[in-house]
Amino acid sequence: MGQGLSIKKCDFKITMNNNNHHTEEISTERLMVRRGQPFTITVSFSAPIHSYLQQLKRTLLIVQTGSHPSKADGTQTEFPISSLGDQKQWSAALEEQDPCFWTICVNTPANAPIGQYALLLHASKSYHLLGNFTLLFNPWCQDDEVFLANEAQRQEYILNEGVIYWGTENAVLTQPWDFSQFEEDIVDICFTLLDVGERHQRDKDHTQRKNPIHICRTVAAMLNCDEFRGILTECGTGQYYNGTPPSKWLGSGPILWQWVAMQCKPVRYGQCWVLAAVMCSVLRCLGIPTRVVTGFTWAHNTNSSLSVDEYYDEDGTLLTQDKSARVWTFHVWNECWMARADLLPEYSGWQALDATCQEKSKGPSFCGPAPVQAIKEGDTEVDYDVCYFFAAINANCQVWIQKADDTLKPALGGTKYTGNNISTKSVGSERCEDITHNYKYPEGSLQEKEVLDKAYRKIKKLETTSSRSETQSSSIPTALEEPVNLFIHLQSKSSLLLGQDILLSIAVFNHSGKEKATHLVVGAQSLHYNGVPITQLWKEEFHFILKSNEANNLQVFVPYSRYRNELGENHLLRLTGMLRDEDSFYLYFAQEEISICHPPLTTEFPENTVQYQPSTAKISLLNPLTKPLEKCVIMVAGRGLIYRQRKYRLGSVQPKSIQQLQIPFTPTQAGPRRLTAHLTCLQLQNLKSYKTIDIAAA
């Protein structure tokens, strides 16, 4: 070093700094700090410094990031050590000095690029590397664009575990997910992900990493396999060759570790909820408040059109059309919290972000970040991709019947509406929170009509100014002119336990003033979550005559034996009723979706569990079937409770019996901790459950 200044060591005070910066769970061995918040280091000298003021004037600190740091592009900054640091930019202040050490407070600007940094000390003509640190976004800092004022929300959307909702709008089911944002190597994988994404985009400007919008769009592009060679290969058809079925993933860690181990080649396989969960993990790890959101009855690939069609044959069997636009039973995306400096102030807050591949007329195949407020107000021209989100949750779905001669006939009463029961995990609890009101005004309200009218006009204007040769009509959908003659209604339980028969009630009404001869076909079909049919499972036909203003009520059973082998991994069934007026040949249609639920897998903990003290959890499995569950294997995981994952082989579980499993564990971390169990056997592939326990500090 320069004359009179010889560095012995530098103490980054990792425990204190990481605690202050809410990163202690990420690492206890590396300095992880958040921008806009100071951190403290102590530099020790080999020889005493007696004239420290003179030496201080000749001493500078340097921070640098990126593969080729330079002052010109803002990836290298040099600044003096003063008595009072400037908190708005890179600066350093001497907090304490002694002939043998200096304690220095380093300030980072709230808009600094996130990344891996080197910290150097420059004295006279010599440079000394003091060490490396990681800089993350800071939702605790008021000047950071991702600032979130509520502490409970910061805990939830940065530091907490998660759940993912799926099923149907009338039977919302829960599955646990380990976001793994605290595994130490995950933060390095996140920056590798940014490096690879920026390389694909030929974007070498590391200063872009100061902008949360850039980070969100880069991560979304990397998750989405249509953009570059992404992290996950999407597959929506149930054909999972040489890979892991999406429903078998328990968390983001194994996916990200596998991606790195495979030299950044896509991991097989993911679907929308896996993409959204991994996105949540990466953005939370980098410091952007993020949550996973599920919407039910979602119009996918409409290319911003506000109408979508479904096609059935005359038996009520859903047909697979070449058109990619279809209604999904559920869809999962993300919301991330940030100020939108590029837009009007009212568009700051939650931003919708969707990594699932979309067919778009222009731009990348992911969507967002789109201000949720803009989606609600129908401001479809706002960046990014508000029009796609708006259409997905506001489109009308018209049902068409394909006749034997391939002609199409509209089904009366078959219109369904999208964007229902939009759900996310509530703050600080396991409760499901309905946030539909953030996206839409109440159905039938004057505000809803005004927003829809405004959005239709804007989307129509976009279409007429578009250079596309093929345009889609987005005129306001009007109800088909329906003769109010017949009406059909289906009713069943919205969810059933695996092994139960389905009881379906059908009500048919004749509102006309004359007798009607009718033909009714009811059916059950299994389908994937994305609206792709698997197979027709069962159907039954009825012929009857309805007198004027008469009702006919029927009850039919679909036996378990008809659906047990063709359920698909999402366990979704669609029940349909097709009623034909034999006089006019008008077709009336009704449908109902049900979820088939797995048998209960319950977890019990002792009443009092203390950190570092051995304990035992008990997992119980009930077999509700009349046949044994064979080759049962249970995987358990729980950060702070057990290390990584454990596998237990149960063998066979006899019919109508309960099998119990003892799980010894020694908690290493205090506070709320979750144990997740995942059972697979020959009969079941996706049985997951979880239980959260509050561990008392030792």
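In the predicted model, strand β27, spanning residues 516-527, is largely enclosed by the rest of the structure, because eleven of its twelve residues are buried. Strand β27 has two pairing partners described here, β28 and β30. With β28 (residues 533-546), β27 pairs in the antiparallel sense over twelve bridges; within this pairing, G523 is positioned opposite K539 of β28. The two strands form a hairpin in which five residues separate β27 from β28. In the turn of this hairpin, G531 adopts a positive phi of about 85 degrees. Pairing with β30 (residues 572-581) is likewise antiparallel and comprises ten bridges, with L527 facing L572 of β30. In a regular strand, side chains alternate between the two faces of the sheet.

Burial also characterises helix α9, which covers residues 386-394. Nine of the nine residues of this helix are buried, so α9 is largely enclosed by the rest of the structure. The buried residues are V386, C387, Y388, F389, F390, A391, A392, I393 and N394.

The packing of two further helices was examined through their axes. Two packed helices are described by the angle between their axes and by the distance between the axes. For α4 (residues 184-200) and α5 (residues 212-223), the axes come within 9 Å and cross at roughly 85 degrees. This crossing angle makes α4 roughly perpendicular to α5, since angles of 65 to 115 degrees are classed in this way. On the α4 side, the contact is made by L193, L194, V196, G197, E198 and H200; α5 contributes H214, I215, T218, V219 and M222. By residue class, the contact of α4 with α5 divides into six nonpolar, four polar and one charged residue. An α-helix has 3.6 residues a turn, so residues three or four places apart point the same way.

A local environment was also described for H300, which lies in strand β14 (residues 290-300). The relative accessible area of H300 is 3%, and this residue is therefore buried, the cut-off for burial being under 20%. A polar atom of the H300 side chain lies 3.0 Å from the backbone oxygen of C357. Leaving aside neighbours within four places in sequence, H300 is in contact with S324, A325, R326 and W328, and also with T356, C357 and Q358. C357 thus appears both among the contacts of H300 and as the residue whose backbone oxygen lies 3.0 Å from a polar side-chain atom of H300.

Note on methods: Residues are numbered from 1 along each chain as its sequence is written. This is a predicted model: local features need pLDDT of at least 70, side-chain atom pairs count only at pLDDT 80 or more; totals for chains, interfaces and linings use all residues. Side-chain values use heavy atoms; hydrogens and water are left out. Axes are lines fitted to C-alpha atoms, for helices over the stretch in contact, and angles run from 0 to 180 degrees between N-to-C directions. Helices (H or I, at least four residues) and strands (E, at least two) are DSSP runs, numbered from the N terminus. Angles under 35 degrees count as roughly parallel, over 145 as roughly antiparallel, 65 to 115 as roughly perpendicular and the rest as oblique. Contact means heavy atoms within 4.5 Å. Ala, Val, Leu, Ile, Met, Phe, Trp, Tyr, Cys and Pro count as nonpolar, Asp, Glu, Lys and Arg as charged, and the others, Gly among them, as polar. Buried means under 20% relative accessible area, exposed over 50%, partly exposed in between (1.4 Å probe, protein chains only). Two strands pair if DSSP finds at least two bridges between them. A polar contact is a pair of N or O atoms within 3.5 Å; within protein, one must be able to donate a hydrogen and the other to accept it, and residues adjacent in sequence count only if both atoms are side-chain atoms.
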